[in-house]
Amino acid sequence: VLDANKGATMTFAFAANGSTASTTNPVYSGSLFMNGYTPVSGSTGEVATLDLSLDITTDLTITTA
């Protein structure tokens, strides 16, 4: 999924607790451009990490109802 979207614009939506928007669980959404990513890195025995470079390309929308 990440490799296919590198160099592309995509939409996103996320919330802290499920996908139902409310005043205590706002849903943040918009579009972003993935500049690139570094696949899983880290040495044997260390925590694996993934580095992403993302730019939001639209105004961030916050939905609460």
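In this predicted model, strand β2 (residues 27-41) and strand β3 (residues 49-56) run antiparallel and are joined by seven bridges. One point of this pairing can be located at Gly-36, whose bridge partner in β3 is Ser-53.

Strand β2 also pairs with β1, again in the antiparallel sense and over seven bridges. Here Thr-11 finds its bridge partner in Ser-31 of β2. A further antiparallel pairing connects β2 to strand β4 (residues 61-63), this time through three bridges. Within it, Val-27 is matched with Thr-63 of β4. Strand β2 thus has bridges to β1, to β3 and to β4.

Ser-29 offers a residue-level view of these surroundings. This serine lies in strand β2. Is Ser-29 buried or exposed? Its relative accessibility is 19%, and because the limit for burial is under 20%, Ser-29 counts as buried. Beyond its neighbours within four places in sequence, Ser-29 is in contact with Phe-12 and Ala-13, and also with Asp-59, Leu-60 and Thr-61. Among these contacts, Phe-12 leads to the aromatic residues of the model.

How many aromatic pairs does the structure hold? There are two. In one of them, Phe-12 and Phe-14 are stacked, with 6.0 Å from centre to centre and 25° between the planes. Phe-12 is buried as well, at a relative accessible area of 16%. The other pair is formed by Phe-14 and Tyr-28, likewise stacked, with a centre-to-centre distance of 5.5 Å and an angle of 25° between the planes. Both pairs count as stacked because planes under 30 degrees apart fall into that class.

The pair of Phe-14 and Tyr-28 also bears on how the strands are connected. Phe-14 belongs to strand β1 (residues 9-15) and Tyr-28 to strand β2, so their pairing ties together parts that are 14 residues apart in sequence. This ring pair therefore links two strands that also pair with each other through antiparallel bridges. Tyr-28 counts as partly exposed, its relative accessibility being 27%, whereas Phe-12 is buried.

Taken together, the ring pairs link Phe-12, Phe-14 and Tyr-28 into a cluster. As for the placing of side chains along a strand, those of a regular strand alternate between the two faces of the sheet. In sequence terms, the cluster includes Phe-14 from β1 and Tyr-28 from β2, while Ser-29, in contact with Phe-12, lies in β2 too.

Notes. Residues are numbered from 1 along each chain as its sequence is written. This is a predicted model: local features need pLDDT of at least 70, side-chain atom pairs count only at pLDDT 80 or more; totals for chains, interfaces and linings use all residues. Side-chain values use heavy atoms; hydrogens and water are left out. Rings of Phe, Tyr and Trp (its six-membered ring) pair if their centres lie within 6.5 Å; planes under 30 degrees apart count as stacked, over 60 as edge-to-face and the rest as tilted. Buried means under 20% relative accessible area, exposed over 50%, partly exposed in between (1.4 Å probe, protein chains only). Helices (H or I, at least four residues) and strands (E, at least two) are DSSP runs, numbered from the N terminus. Contact means heavy atoms within 4.5 Å. Two strands pair if DSSP finds at least two bridges between them.
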